Amino acid sequence: MALPREVREQFLAEPHVGALSVVERPDRAPLTVPIWYQYTPGGELWVRTPPDSRKTRAIRAAGRFSLMVQRTTPTVRYVSVEGPVTRTEPCTDERSLEMATRYLPPEAAAGFVEYERTQFGEHIIVYMRPEHWLSADLGAG
């Protein structure tokens with residue numbers, strides 16, 4: 001059963017690990033990678049990524065991407081969004097910490113941000129405006 005708009009947006013706002021997909025080459029299936037993301041109902045979705053990563057290059061070339069999130073309990077539920085990139089910007093320490101605290105225990109977030117900065121370097125934020133939605137709860141009845 002498809003989810004009502006408010007339910008699907010709230011589900012997407014929860015901290016699931018997303019599967020980001022983007023067309024990389026016309027002769028291949030889309031590049032699909034796991035990723036942390038942030039979303040506020042009614043707003044844009046954003047992800048952090050190194051500026052010269054394979055996915056970033058593909059996103060820049062395609063100008064759009066999709067993201068799917070799911071859970072398996074208490075019912076199988078998923079939401080998939082697809083849309084255009086609206087902007088990119090350098091990632092700030094505040095945004096890095098916001099993302100880390102979304103997925104990690106509070107006491108681990110600052111250490112993760114420092115590790116990521118020293119081991120992986122600069123990141124950018126890529127914003128996407130969800131245009132197309134697919135959603136279902138396979139246990140709803």
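The following exercises, each with a worked solution, concern a predicted model.

Residues are numbered from 1 along each chain as its sequence is written. Because the model is predicted, local features need pLDDT of at least 70, side-chain atom pairs count only at pLDDT 80 or more, and totals for chains, interfaces and linings use all residues; side-chain values use heavy atoms, with hydrogens and water left out.

**Exercise 1. Describe how helices α3 and α4 are placed relative to each other.**

Solution.

Step 1. Two packed helices are described by the angle between their axes and the distance between the axes. Helices (H or I, at least four residues) and strands (E, at least two) are DSSP runs, numbered from the N terminus. Axes are lines fitted to C-alpha atoms, for helices over the stretch in contact, and angles run from 0 to 180 degrees between N-to-C directions.

Step 2. Helix α3 covers residues 93-103 and helix α4 covers residues 106-120. Their axes come within 9 Å and cross at roughly 125°.

Step 3. Angles under 35 degrees count as roughly parallel, over 145 as roughly antiparallel, 65 to 115 as roughly perpendicular and the rest as oblique. The helices α3 and α4 are therefore oblique to each other.

Step 4. Contact means heavy atoms within 4.5 Å. On the side of α3, the contact is made by D93, S96, L97, A100 and T101; on the side of α4, by A109, A110, F112, V113 and R117.

Step 5. Ala, Val, Leu, Ile, Met, Phe, Trp, Tyr, Cys and Pro count as nonpolar, Asp, Glu, Lys and Arg as charged, and the others, Gly among them, as polar. By class, the contact of α3 with α4 has six nonpolar, two polar and two charged residues.

**Exercise 2. Trace the surroundings of helix α1, beginning with its buried residues.**

Solution.

Step 1. Buried means under 20% relative accessible area, exposed over 50%, and partly exposed in between (1.4 Å probe, protein chains only). In helix α1 (residues 5-13), the buried residues are R8, E9, F11, L12 and A13.

Step 2. These buried residues of α1 pack against β3 (37-39), β4 (45-49), β5 (64-71), β6 (77-90), α3 and β8 (132-137).

Step 3. R8 has a relative accessible area of 18% and is therefore buried. Not counting residues up to four places away in sequence, R8 touches L3, V79, W133 and S135. The C-alpha atoms of R8 and A136 are 128 residues apart along the chain and are separated by 8.5 Å.

Step 4. W133 belongs to strand β8. Leaving aside neighbours within four places in sequence, W133 is in contact with R8, E9, L12, Y39, V79, S80 and V81.

Step 5. The largest nonpolar core (a set of buried Ala, Val, Leu, Ile, Met, Phe, Trp, Tyr and Cys residues joined through side-chain atoms within 4.5 Å) has 29 residues. Those with the most contacts inside this core are L12, Y37, L45, F65 and L67. Strand β7 (residues 124-128) gives the most to the core, with five residues.

**Exercise 3. Which residue is exposed, and which is partly exposed: P90 or T86?**

Solution.

Step 1. P90 is in strand β6, and T86 also has its place in strand β6.

Step 2. P90 has a relative accessible area of 58% and is therefore exposed. T86, with a relative accessible area of 32%, is partly exposed.

Step 3. Not counting residues up to four places away in sequence, P90 touches H123 and I124. Under the same condition, T86 touches E44, Y127, M128 and R129.

Step 4. The C-alpha atoms of T86 and V126, 40 residues apart along the chain, are separated by 7.9 Å.

**Exercise 4. Locate P74 and describe the peptide bond from T73 to P74.**

Solution.

Step 1. P74 is found in the loop between β5 and β6.

Step 2. The peptide bond from T73 to P74 is cis, with omega near 5°.
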